[in-house]
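Here are a few exercises to work through with the model open beside you. Try each task before you read its solution.

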Amino acid sequence: MRTTARSAVAADGAVAADGAVAADGAVAADGAVAADGAVAADGAATAPNPRPPPPLSADPPLPEDTYDALLALLTEVTPVVRPLPPDSALLDVRGATRCFGRTPAELAELIRVRALARYGVDCTVGIAANPLLARAAAQDGPPGATTCVTDAAFLAHRPATALPGVGPATARTLAAYGLDTVGRIAAAPLPALQRILGAAAGRTLHERAHGIDPTPVTPDARTRSTAAEHRFAADELDPARRRRALLALADRLGARLRGDGRVAGGLTLTVRYADGSATTRTRTLAEPTAHTPALTAVAYALHDALGLQRARVRAVALRAPRSSATPNRPRTS
């Protein structure tokens, strides 16, 4: 079975590769390989017509060693790569366009061809002016293709939760004012958003809804981690079933950590919804551990804090950074 991945190439020097190699393609495994280097830089093409997010595929999650190999492949194009585990990354390709004498779109095709030839990973690439737009372009793009966008108009149909920083609670607050899509948020006056969310949060949301993302791409070494994901057979609305899935994932993570002689210093929960959006929350553990009960308690707390009500959940995933080895127990005589 060929693994698929979504890659987003951001036009303004950001190449976002929603590399979601396994799952959803782009958002699926949270694997976007985003390249903040404006791959399509200066804007290659016109924005695509709005379309619903692609359905989740049955492909298995991207293996960790394959993800590492893909990151190495990206550094062949540009050294400015920021990994976004488990299968995404941000690339700044402004320098690469001059070095290779190729446009962002041509660099995106180079990445796609090499990924498919070497590792059987079929990337879906998005090209835009910044990381936000690039990743969204990859998420909305058809599998195994390159999508170029030049403005934020294509964001209009997406739900409010598609914007960074908008979780279920904030989305419910916005929905109470009729602001349930990015387009409606963008059309709202800045003062109105600031009255609803506060001055700083309102301004940030206003900028994001208009496709403004000044976030730079900062190279960073990948933090190795252990992850597990559960995909529901149908959109899951029952919190009890989601908690049972988290229990199984925490048990799986704990077993892997103990088998590797490692402990986790934190836990990250990712919840993917029927509309293609996702929410990610991270919590640092009071004490590094590999014990299943402790991991389960944190997973439950993260899930409950989201306050999901009538949310149609397609998948849940847990990721634990393998930050340190299990400390040696003191010897007794």
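**Exercise 1. Find what the side chain of arginine 112 reaches, and place the residue.**

Start at the tip: the side chain gets to the backbone oxygen of glycine 144, at 2.7 Å. That's a polar contact (a pair of N or O atoms within 3.5 Å; within protein, one must be able to donate a hydrogen and the other to accept it, and residues adjacent in sequence count only if both atoms are side-chain atoms).

Next, check the backbone: C-alpha to C-alpha, arginine 112 and glycine 144 sit 8.2 Å apart, with their positions 32 residues apart in sequence. Arginine 112 belongs to helix α3 (residues 104–119); helices are DSSP runs of H or I, at least four residues, and strands are runs of E, at least two, numbered from the N terminus.

Last, its relative accessibility is 14%, so arginine 112 is buried (under 20% relative accessible area; exposed is over 50%, partly exposed in between; 1.4 Å probe, protein chains only).

A note on method: this is a predicted model, where local features need pLDDT of at least 70 and side-chain atom pairs 80 or more, while totals for chains, interfaces and linings use all residues. Numbering runs from 1 along each chain as its sequence is written, and side-chain values use heavy atoms, leaving out hydrogens and water.

**Exercise 2. Describe the salt bridge between arginine 272 and glutamate 229.**

The closest N and O atoms are 2.9 Å apart, which fits the cut-off (a side-chain nitrogen of Lys or Arg within 4 Å of a carboxyl oxygen of Asp or Glu). Arginine 272 is in strand β9 (residues 262–273) and glutamate 229 in strand β8 (residues 225–236), 43 residues apart. Both partners are buried.
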